[in-house]
Amino acid sequence: MTEPGPTARSKLPFILGAIGLTVLGALGGWTYERQRTELAPGQKAAMEQVVRDYLLEHPEILPQAVEKLRQKDSQKQLAGITDKLEAPYPGAVMGNPNGTVTLVEFTDFACGYCRQSEAVLKDLIATNPDLKVVIRHLPVIAPTSPAAAAMGLAAAEQGKYLAFHDAMFAAGRTDPASIEAAAKAAGLDLARARAAAQDPKVRAELEANMAFAQQLGFDGTPGWVIGDQILVGAVGKEPLAKALAAARKS
C-alpha cells in the first residue's frame, strides 16, 4: 500500500493485448494488427474464443505475461533518468555511500507506510554491505511534509541525515515542533539548518523528485527503484531483496 492512495499504474488493456499477442503467436504466428485488419467478424469471434479457451486451460501464462509487461513498462519509465535518479542530494544517503548496488527510495516523513518500511530497509542495509540507498523526498502526504523534507536535506548538508531521518520517523509527525525536536536530537546547528532549508537548491531537489515521481508513475509513497525494476508501496523485504539480487546480475 501507498499513501495517499494506491498508485494508478494498472494497464489492463495493454496486459490483455500482450497476452493476446503471446497466445496468438503460440497458436499460429498472427500479429494483433493482422488480426484486427484482416479477419472477418466471424473469424475474429472464433479467434477470441480460441484465446479465451487457451487462457482458461493455461492460466499459468497470465502472471508470466504480466511480469514481462511490467519489466518493459519499467524500462520505458526509467529510460534516460537512471543516472540522475541514482545521484543523491549530497548527504541524503543511507547504507554504503560507495555501494555497488543502488536502491532509490521515494519517501515522506509523514507517510505511515514509509515508517513501517523502515525496519525492512534497515535489515536490507545490515545484510547487504554493498547497498547504497539514495533517499528522494516526495513530500505529498501532509501540509507540513515539505518543511520536514527541507530540514532533512539541511541535515544532509551537515552530514547528519541518518540521525534526523530516524528521529523524524520515531516522532511519527511532521508538525513544526516535531521537526525542531528531531533537528535537536540529530545535533544540528539549527541556525545553519534553517538557512540551508531555504536554499533554492533544496526547492530544486524537491521539484526534481516530483518530476521523477510523475515519470515513474508514483502517486504516493513509498516508491522504490532498483536496477530496472520499479516497486510501489510497503512491499516488504522479499520483493526488495529479489530486486537487489537481480540488479547485481545485470
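These are legends for a set of close-up views of one chain, shown as a predicted model.

**View 1. The whole chain, for orientation.** Before zooming in, here is the overall tally: 12 helices and five strands. The chain has 250 residues, and 43% of them are buried. If you look at contacts with a separation of 6 or more, 77% come from residues 24 or more positions apart. The exposed surface adds up to about 12700 Å², with 58% of that supplied by carbon and sulfur atoms.

**View 2. Helix 8 and what sits over it.** Helix 8 covers residues 161-171, and its buried residues are Tyr161, Phe164, His165, Ala167, Met168 and Phe169. Their cover includes three strands, namely strand 1 (93-95), strand 2 (101-107) and strand 3 (131-137). Helices join in too: helix 6 (112-127), helix 7 and helix 9 (176-185) are among the elements that cover these residues. Just past the end of helix 8 comes Gly172, whose phi is positive at about 75 degrees.

**View 3. Helix 7 against helix 8.** The two axes come within 7 Å of each other and cross at roughly 150 degrees. Angles over 145 degrees count as roughly antiparallel, so that is the label for helix 7 and helix 8. On the helix 7 side, the contact uses Ala148, Met151, Gly152, Ala155 and Ala156. Helix 8 answers with Tyr161, Phe164 and Met168. Sorted by class, this contact has seven nonpolar residues, one polar and no charged. Tyr161, Phe164 and Met168 also appear among the buried residues of helix 8.

**View 4. Helix 6 against helix 8.** Here the axes are 10 Å apart, and the packing angle is about 135 degrees. That angle makes helix 6 oblique to helix 8, and the crossing is left-handed. Helix 6 brings Cys114, Arg115, Glu118 and Lys122 to the meeting, while helix 8 brings Leu162, His165, Asp166 and Phe169. The class count for this contact is three nonpolar, one polar and four charged. Two of the helix 8 partners, His165 and Phe169, are on the list of buried residues as well.

**View 5. Helix 7 against helix 10.** Now follow helix 7 (residues 145-157) over to helix 10 (residues 190-197), where the axes come within 8 Å and cross at roughly 120 degrees. The pair is therefore oblique, and this crossing is right-handed. Helix 7 makes the contact through Ala150, Met151, Ala154 and Glu157, and helix 10 through Arg192, Ala193, Arg194, Ala196 and Ala197. By class, that gives six nonpolar residues, no polar ones and three charged. Met151 may look familiar: this residue of helix 7 is also part of the contact with helix 8.

**View 6. Lys184 on helix 9.** Lys184 is found in helix 9. Is this residue buried or exposed? Lys184 has a relative accessible area of 52%, and the cut-off for exposed is over 50%, so Lys184 counts as exposed. For a distance to check, try Lys184 to Ala163: they are 10.0 Å apart, C-alpha to C-alpha, with their positions 21 residues apart in sequence.

**View 7. A cis peptide bond at Pro222.** The last stop is the peptide bond from Thr221 to Pro222, which is cis, with omega near -5 degrees. Where is Pro222 found? Pro222 is in the loop that runs between helix 11 (200-216) and strand 4 (223-226).

Conventions:
Residues numbered from 1 in each chain as written. Predicted model: local features only at pLDDT ≥ 70, side-chain atom pairs only at ≥ 80, totals over all residues. Heavy atoms only, no water. Axes fitted to C-alpha atoms, helices over the stretch in contact; angles between N-to-C directions. Helix = DSSP H or I, 4+ residues; strand = E, 2+ residues; numbered from the N terminus. Parallel < 35°, antiparallel > 145°, perpendicular 65-115°, else oblique. Left-handed = near helix turned anticlockwise from the far one by under 90°. Contact = heavy atoms within 4.5 Å. Nonpolar A, V, L, I, M, F, W, Y, C, P; charged D, E, K, R; others polar. Buried < 20%, exposed > 50% of the residue type's maximum accessible area, 1.4 Å probe, protein only. Areas by Shrake-Rupley, 256 points an atom, 1.4 Å probe, with all protein chains shown as cover.
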